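The exercises below are meant to be worked through with the sequence and the structure side by side. Please try each task before reading its solution.

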Amino acid sequence: MIKDIENYTGRIQELEKEKDSALRQSETGRRELVQRADRIKQLQQHLEGAQNNIQHLEMQLSAYREDFDKERLQRENALETSSAIGKSLKELEGENTELRQELNRMTSQLQNMGVMEEDVVMPAHQPHHPHYSHNQPPSSASPA
(Lines give C-alpha, C1' and ligand atoms only; values in the text may rest on other atoms or scores of the structure.)
Protein backbone atom coordinates (compact mmCIF):
# COMPACT_ATOMS: atom_id res chain seq x y z
CA MET A 1 0.00 0.00 0.00
CA ILE A 2 2.85 2.34 0.81
CA LYS A 3 4.22 1.39 -2.51
CA ASP A 4 0.90 2.36 -4.11
CA ILE A 5 0.93 5.67 -2.23
CA GLU A 6 4.46 6.33 -3.40
CA ASN A 7 3.41 5.46 -6.93
CA TYR A 8 0.40 7.77 -6.68
CA THR A 9 2.53 10.50 -5.17
CA GLY A 10 5.09 10.12 -7.97
CA ARG A 11 2.31 10.11 -10.51
CA ILE A 12 0.79 13.25 -8.96
CA GLN A 13 4.17 14.99 -9.09
CA GLU A 14 4.57 13.99 -12.75
CA LEU A 15 1.08 15.28 -13.51
CA GLU A 16 1.86 18.56 -11.69
CA LYS A 17 5.04 18.93 -13.75
CA GLU A 18 3.05 18.24 -16.93
CA LYS A 19 0.43 20.74 -15.76
CA ASP A 20 3.13 23.37 -15.10
CA SER A 21 4.69 22.67 -18.47
CA ALA A 22 1.28 22.89 -20.15
CA LEU A 23 0.59 26.18 -18.33
CA ARG A 24 3.93 27.57 -19.46
CA GLN A 25 3.25 26.42 -23.00
CA SER A 26 -0.25 27.90 -22.95
CA GLU A 27 1.14 31.21 -21.59
CA THR A 28 3.78 31.19 -24.34
CA GLY A 29 1.06 30.36 -26.88
CA ARG A 30 -1.15 33.15 -25.50
CA ARG A 31 1.73 35.64 -25.82
CA GLU A 32 2.37 34.48 -29.38
CA LEU A 33 -1.32 34.89 -30.18
CA VAL A 34 -1.30 38.43 -28.73
CA GLN A 35 1.81 39.24 -30.81
CA ARG A 36 0.16 37.82 -33.92
CA ALA A 37 -2.99 39.82 -33.26
CA ASP A 38 -0.89 43.00 -32.89
CA ARG A 39 0.93 42.17 -36.12
CA ILE A 40 -2.39 41.60 -37.89
CA LYS A 41 -3.61 45.01 -36.66
CA GLN A 42 -0.42 46.64 -37.98
CA LEU A 43 -0.80 44.90 -41.32
CA GLN A 44 -4.44 46.01 -41.51
CA GLN A 45 -3.36 49.61 -40.87
CA HIS A 46 -0.69 49.34 -43.57
CA LEU A 47 -3.27 47.86 -45.92
CA GLU A 48 -5.68 50.75 -45.23
CA GLY A 49 -2.88 53.22 -45.86
CA ALA A 50 -1.97 51.47 -49.09
CA GLN A 51 -5.61 51.50 -50.19
CA ASN A 52 -5.80 55.24 -49.48
CA ASN A 53 -2.60 55.76 -51.50
CA ILE A 54 -4.07 53.73 -54.35
CA GLN A 55 -7.26 55.84 -54.32
CA HIS A 56 -5.18 59.03 -54.32
CA LEU A 57 -3.04 57.74 -57.21
CA GLU A 58 -6.16 56.71 -59.14
CA MET A 59 -7.54 60.25 -58.77
CA GLN A 60 -4.22 61.72 -59.94
CA LEU A 61 -4.14 59.30 -62.87
CA SER A 62 -7.67 60.30 -63.82
CA ALA A 63 -6.71 63.99 -63.72
CA TYR A 64 -3.59 63.29 -65.81
CA ARG A 65 -5.71 61.39 -68.34
CA GLU A 66 -8.12 64.32 -68.59
CA ASP A 67 -5.22 66.74 -69.10
CA PHE A 68 -3.67 64.41 -71.67
CA ASP A 69 -6.98 64.14 -73.54
CA LYS A 70 -7.36 67.94 -73.54
CA GLU A 71 -3.82 68.40 -74.83
CA ARG A 72 -4.35 65.72 -77.49
CA LEU A 73 -7.54 67.45 -78.62
CA GLN A 74 -5.72 70.79 -78.74
CA ARG A 75 -2.94 69.22 -80.83
CA GLU A 76 -5.50 67.68 -83.17
CA ASN A 77 -7.27 71.03 -83.52
CA ALA A 78 -3.97 72.81 -84.12
CA LEU A 79 -3.06 70.22 -86.75
CA GLU A 80 -6.41 70.69 -88.48
CA THR A 81 -5.99 74.47 -88.35
CA SER A 82 -2.44 74.21 -89.67
CA SER A 83 -3.63 71.95 -92.48
CA ALA A 84 -6.42 74.39 -93.38
CA ILE A 85 -3.94 77.29 -93.34
CA GLY A 86 -1.58 75.29 -95.53
CA LYS A 87 -4.37 74.59 -98.04
CA SER A 88 -5.38 78.27 -98.04
CA LEU A 89 -1.76 79.28 -98.52
CA LYS A 90 -1.39 76.92 -101.48
CA GLU A 91 -4.60 78.34 -102.97
CA LEU A 92 -3.28 81.88 -102.50
CA GLU A 93 0.07 80.92 -104.01
CA GLY A 94 -1.81 79.49 -106.99
CA GLU A 95 -3.85 82.67 -107.34
CA ASN A 96 -0.67 84.74 -106.98
CA THR A 97 0.98 82.71 -109.75
CA GLU A 98 -2.06 83.17 -111.97
CA LEU A 99 -2.10 86.93 -111.31
CA ARG A 100 1.63 87.22 -112.06
CA GLN A 101 1.18 85.32 -115.27
CA GLU A 102 -1.70 87.57 -116.24
CA LEU A 103 0.34 90.68 -115.31
CA ASN A 104 3.23 89.40 -117.41
CA ARG A 105 0.86 88.77 -120.34
CA MET A 106 -0.64 92.25 -119.98
CA THR A 107 2.81 93.83 -119.68
CA SER A 108 3.91 91.93 -122.74
CA GLN A 109 0.81 93.04 -124.63
CA LEU A 110 1.39 96.66 -123.61
CA GLN A 111 5.03 96.45 -124.68
CA ASN A 112 3.93 94.94 -127.98
CA MET A 113 1.58 97.90 -128.37
CA GLY A 114 4.52 100.24 -127.76
CA VAL A 115 3.56 101.34 -124.24
CA MET A 116 6.58 101.60 -121.99
CA GLU A 117 6.52 100.95 -118.25
CA GLU A 118 7.33 104.61 -117.55
CA ASP A 119 4.18 105.61 -119.42
CA VAL A 120 1.92 103.68 -117.08
CA VAL A 121 0.66 105.78 -114.14
CA MET A 122 -0.03 103.71 -111.05
CA PRO A 123 -2.49 104.93 -108.40
CA ALA A 124 -0.79 106.52 -105.38
CA HIS A 125 -2.55 104.33 -102.83
CA GLN A 126 -1.38 100.73 -102.98
CA PRO A 127 -1.12 99.48 -99.39
CA HIS A 128 -0.05 95.97 -100.31
CA HIS A 129 2.85 97.00 -102.49
CA PRO A 130 6.09 97.64 -100.55
CA HIS A 131 7.36 100.39 -102.93
CA TYR A 132 4.35 102.63 -102.52
CA SER A 133 3.21 104.55 -99.46
CA HIS A 134 0.12 106.57 -98.63
CA ASN A 135 1.89 109.95 -98.94
CA GLN A 136 4.21 109.42 -101.90
CA PRO A 137 3.36 108.70 -105.49
CA PRO A 138 5.25 105.81 -107.04
CA SER A 139 8.68 106.75 -108.36
CA SER A 140 7.80 105.42 -111.82
CA ALA A 141 4.90 107.91 -112.00
CA SER A 142 7.12 110.97 -111.51
CA PRO A 143 7.48 113.18 -114.54
CA ALA A 144 10.69 112.53 -116.37
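**Exercise 1: a pair of side chains**

Arg72 is partly exposed, its relative accessible area being 34%, where buried means under 20% relative accessible area, exposed means over 50%, and partly exposed lies in between (1.4 Å probe, protein chains only). The model is a predicted one, in which local features need pLDDT of at least 70 and side-chain atom pairs count only at pLDDT 80 or more, while totals for chains, interfaces and linings use all residues. Residues are numbered from 1 along each chain as its sequence is written, and side-chain values use heavy atoms, with hydrogens and water left out.

Task: work out how Glu76 and Arg72 are placed in the helix and how their side chains meet.

Solution: Begin with the helix, taken as a DSSP run (H or I, at least four residues), with numbering from the N terminus. Glu76 and Arg72 are four residues apart in helix α1, and therefore about one helical turn separates them. Next comes the contact, a salt bridge with 3.2 Å from N to O, the term requiring a side-chain nitrogen of Lys or Arg within 4 Å of a carboxyl oxygen of Asp or Glu. Glu76 is also partly exposed, with a relative accessible area of 34%.

**Exercise 2: a network**

Task: find which residues are joined with Glu27 into one network by salt bridges that share partners.

Solution: First, Glu27 forms a salt bridge with Arg30, in which the closest N and O atoms are 2.9 Å apart; these two residues are three apart in helix α1. Second, the side chain of Glu27 meets that of Arg31 in a salt bridge of 3.8 Å, N to O, across four residues of helix α1, about one turn. Salt bridges with shared partners thus join Glu27, Arg30 and Arg31 into one network. As for exposure, Glu27 is partly exposed at 30%, as are Arg30 at 44% and Arg31 at 43%.

**Exercise 3: the span of the helix**

Task: compare the expected span of helix α1 with the distance between its end C-alpha atoms.

Solution: The expected span is 1.5 Å times one less than the number of residues. For the 111 residues of helix α1 (residues 2-112) this rule gives 165 Å, and the end C-alpha atoms are 159 Å apart, which agrees. Helix α1 is followed by Gly114, whose phi is positive, near 95°. To finish with the whole chain, the secondary structure comes to one helix and zero strands, and 2% of the 144 residues count as buried.
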